[in-house]
Amino acid sequence: MPPDSASPPTEPRRRNAVATRQAILASARKAFARSGYDGAGVREIAAGAGVTAMLVNRYFGSKERLFAEVAADAMRDPVILSPENLAAPDFAAALSRAVVAVTAPGATPLDGFLILLHSSSSPKAAEIGREWIGRGHQSTLESAVTGPLAAERAGVFLALVAGLQVMRQMVEIPALAGADPEQLERLLTPLVRMLVGGKPMAGSEPPPHRPGD
């Protein structure tokens with residue numbers, strides 16, 4: 001029996017819908033990282049994805065919902081709080097090493113950081129950011145921290161990372177931007193260990209300070 005020529009090509013349409021959605025998300029991620037929630041327009045995002053503003057609204061409903069999707073997507077694959085770093089024998093040292101690498105002067109800041117930084121003046125964007133930080137990085141680190149005040153310690157760690165991103169990578173103050181990365185790691189590791197725990201490995205702690213050093 002010959003195939004029904006009137007049957008709709010559902011699979012290609014489904015693939016096209018997925019590709020269109022991903023193109024919109026990728027364009028929105030770039031726009032929000034560059035200009036923040038208030039500065040990025042739906043028409044700009046649509047143009048970057050090669051679609052119309054009407055189609056963006058059809059897929060996501062509103063700019064607010066699109067921002068929430070982008071925030072979730074930006075936190076989906078953590079770089080510092082990766083499973084490998086959290087599973088490391090000395091995960092405080094692994095986190096410190098990752099922080100120094102991520103905040104290197106001249107390196108492109110992480111999208112998630114730029115999105116939240118450039119959107120912080122928007123109450124709605126800040127609300128969405130708080131929700132997704134809570135579900136993502138905050139929750140991940142709280143689960144890895146042992147002992148009392150796990151939520152507060154995880155929050156202080158996230159603030160420490162954000163501060164280094166601003167002062168070392170964006171403002172580039174000489175004391176941090178010009179510092180030797182290995183020395184920064186050795187300074188950070190005891191601080192991170194105090195916050196998140198973890199047993200030091202031999203040789204991972206900085207040498208004791210001696211008078212005259």
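1. Arg29, Asp73, Arg76 and Asp111 are joined in a network of salt bridges. The model in which this network appears is a predicted one. Across the structure, the count of salt bridges comes to 10. The points below begin with the members of this network and then turn to the overall fold, the largest pocket, a surface patch and two backbone angles.

2. Within the network, the side chains of Asp73 and Arg29 meet at 2.9 Å, N to O. Asp73 belongs to helix α4 and Arg29 to helix α1 (residues 10-39), so this salt bridge ties together parts that are 44 residues apart in sequence. Asp73 is partly exposed, with a relative accessible area of 25%. Arg29 also counts as partly exposed, at 22% relative accessibility. Buried means under 20% relative accessible area, so neither partner falls in that class at 25% for Asp73 and 22% for Arg29.

3. Asp73 has a further partner in Arg76, and the closest N and O atoms of that salt bridge are 2.8 Å apart. Arg76 counts as exposed, because its relative accessibility is 52% and the class begins over 50%. Asp73 thus takes part in a salt bridge with Arg29 and in another with Arg76.

4. A separate salt bridge deserves comment. The side chains of Glu64 and Lys124 meet at 3.8 Å, N to O. This pair links distant parts of the chain, with Glu64 in helix α4, Lys124 in helix α8 and their positions 60 residues apart. Glu64 is partly exposed at a relative accessible area of 35%, and Lys124 is likewise partly exposed at 29%. The general principle is that side chains of opposite charge can pair when their charged atoms come close.

5. As to the fold, the chain contains 11 helices and zero strands. Read along the sequence, the pattern is therefore α-α-α-α-α-α-α-α-α-α-α. Of the 213 residues of the chain, 36% count as buried.

6. Val161, in helix α9, may serve as an example of a buried residue, since its relative accessible area is 8% and the cut-off for burial is under 20%. Val161 and Val102 are 59 residues apart in sequence, while their C-alpha atoms are 9.3 Å apart in space.

7. The largest pocket has a volume of about 570 Å³. Its lining is made up of 24 residues, and those closest to the centre of the pocket are Leu110, Gly112, Phe113, His137 and Gln165. Helices α4 (63-74), α7 (111-119), α8 (123-144) and α9 (150-170) each give two or more residues to this lining. The largest share, seven residues, is contributed by α9. By residue class, the lining divides into 16 nonpolar, four polar and four charged residues.

8. Helix α4 recurs in several of these points. It gives two or more residues to the lining of the largest pocket, it holds Asp73 of the salt bridge to Arg29, and it holds Glu64 of the salt bridge to Lys124. Helix α8, which carries Lys124, is likewise among the elements that give two or more residues to the lining.

9. On the surface, Leu117, Met167, Met170 and Val171 make a nonpolar patch of about 310 Å². Val171 is placed in the loop between α9 and α10 (174-177).

10. The loop between α9 and α10 also holds Glu172. This residue has a positive phi of about 60 degrees although it is not a glycine. Glu172 counts as partly exposed, at 38% relative accessibility.

11. Leu149 presents a comparable point for inspection. Phi of Leu149 is near 55 degrees, a positive value in a residue other than glycine. Leu149 lies in the loop between α8 and α9 and counts as exposed, because its relative accessibility is 56% and the class begins over 50%.

Technical notes: Residues numbered from 1 in each chain as written. Predicted model: local features only at pLDDT ≥ 70, side-chain atom pairs only at ≥ 80, totals over all residues. Heavy atoms only, no water. 1 Å grid on protein atoms, 1.4 Å probe; cavity = no way out; pocket = protein on both sides within 12 Å on 5 of 7 lines; lining within 4 Å. Points joined across faces, edges and corners; volume = space filled by probe spheres on them. Helix = DSSP H or I, 4+ residues; strand = E, 2+ residues; numbered from the N terminus. Nonpolar A, V, L, I, M, F, W, Y, C, P; charged D, E, K, R; others polar. Patch = residues over 30% accessible without salt bridge, like charges linked within 9 Å, V, L, I, M, F, W, Y side chains within 5 Å. Areas by Shrake-Rupley, 256 points an atom, 1.4 Å probe, with all protein chains shown as cover. Salt bridge = Lys/Arg side-chain N within 4 Å of Asp/Glu carboxyl O. Buried < 20%, exposed > 50% of the residue type's maximum accessible area, 1.4 Å probe, protein only.
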